[in-house]
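This report walks through one chain, from its overall layout to its sheet, its helices and its core. Keep the coordinates open while reading.

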Amino acid sequence: MTTAEERMQILNMIAEGKISAEEGAKLLAALAEGAREKKPASSAPGTSPSWLRVRVTDMASGKDKVNINIPMGLVNVGIKMGARFAPEIEGVNPEEIVAALKSGAQGKILDVVDEEDGEHVEIFVE
């Protein structure tokens, strides 16, 4: 996805009310910063993950409450935002997620069931 497409995705999330204008501004700033710091592509194509996907499913209905893809360039901002929305999740340390991402982890890196709220939270690196 190009930077222009990523910007449009953020603006659409603001328009749909998924994030606030302030959060959108932070994401846009992080996207611009990420574009400036972008590292050269690795020699083996397809080895670097492109997306961090967060999915929250209602356990009663099985329907997704949240299903968002975050460009890897915005992961730090995304993790901080996610921690703000769910600070009470026990046993989940945002720094551990960041460490897993930096180590090159791919696939499902978090799978938590919140029995009290009836939610299933999954985080994937794709």
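A contact here means heavy atoms within 4.5 Å. On that basis, residues 24 or more positions apart account for 47% of the contacts in the chain with a separation of 6 or more. The model is predicted.

## Layout

The chain has 126 residues, of which 29% count as buried. Its secondary structure comes to four helices and four strands. Read from the N terminus, the elements run α-α-β-β-α-α-β-β.

## The sheet

How are the four strands ordered in the sheet? The order is 2-1-4-3, the pairing is antiparallel, and the sheet is open. Strand 2 (64–71) and strand 3 (107–114) are the edge strands, each pairing on one side only. From one strand to the next, the twist averages 10 degrees.

In general, strands of a sheet pair through backbone hydrogen bonds, either parallel or antiparallel. Strand 1 (residues 51–58) runs antiparallel to strand 2, and seven bridges join the two. Strand 1 also runs antiparallel to strand 4, again with seven bridges. Six of the eight residues of strand 1 are buried, so strand 1 is largely enclosed by the rest of the structure. The cut-off for buried is under 20% relative accessible area.

Specific partners help to fix the register. In strand 2, Val 66 is the bridge partner of Val 56. Pro 71 of strand 2 is the bridge partner of Trp 51. Leu 52 has Ile 70 as its bridge partner in strand 2, and Leu 52 stands opposite Val 125 in strand 4.

Strand 1 and strand 2 form a hairpin, with five residues between them. Gly 62 sits in that turn and has a positive phi of about 80 degrees.

## Helix 1 and helix 4

Start with helix 1 (residues 3–15). At 1.5 Å a residue, its 13 residues should span 18 Å; the end C-alpha atoms are 18 Å apart, which agrees. Which residues of helix 1 are buried? They are Glu 6, Ile 10 and Met 13. These residues cover an arc of only 60 degrees around the axis, which puts them on the same side of helix 1. The general rule is that an α-helix has 3.6 residues a turn, so residues three or four places apart point the same way.

Helix 4 (residues 94–102) lies across strand 1, strand 3 and strand 4 (119–125). Helix 4 runs at about 160 degrees to strand 3. Its buried residues are Ile 97, Val 98 and Leu 101. Their arc around the axis is only 100 degrees, which puts them on the same side of helix 4. The face turned away from this buried side carries the exposed residues Glu 95, Glu 96 and Lys 102.

## Glycines with positive phi

Three glycines can be set side by side.

| Residue | Place | Phi |
|---|---|---|
| Gly 17 | follows helix 1 | positive, near 80 degrees |
| Gly 62 | turn of the hairpin of strand 1 and strand 2 | positive, about 80 degrees |
| Gly 104 | just after helix 4 | positive, about 95 degrees |

Another glycine, Gly 73, is found in the loop between strand 2 and helix 3 (75–85). Is Gly 73 buried or exposed? At 54% relative accessibility, Gly 73 counts as exposed, because the cut-off for exposed is over 50%. Gly 73 and Leu 31 are 42 residues apart along the chain, yet their C-alpha atoms are separated by 6.3 Å.

## The nonpolar core

In soluble globular proteins, nonpolar side chains tend to be buried together. The largest nonpolar core here has 17 residues. Which of them touch the most other members? They are Ile 10, Leu 27, Leu 52, Leu 74, Leu 101 and Ile 123.

Helix 1, helix 2 (21–37), strand 1, helix 4, strand 3 and strand 4 each supply at least two residues of this core. Helix 2 gives the largest share, three residues.

Some names now recur. Ile 10 is buried in helix 1, and Leu 101 is buried in helix 4. Leu 52 is bridged to Ile 70 in strand 2. Each of Ile 10, Leu 52 and Leu 101 is among the core residues that touch the most other members.

Notes. Residues numbered from 1 in each chain as written. Predicted model: local features only at pLDDT ≥ 70, side-chain atom pairs only at ≥ 80, totals over all residues. Heavy atoms only, no water. Pairing = 2+ DSSP bridges. Axes fitted to C-alpha atoms, helices over the stretch in contact; angles between N-to-C directions. Expected span 1.5 Å × (residues − 1). Buried < 20%, exposed > 50% of the residue type's maximum accessible area, 1.4 Å probe, protein only. Arc of directions from axis to C-beta. Core = buried A, V, L, I, M, F, W, Y, C linked by side-chain atoms within 4.5 Å.
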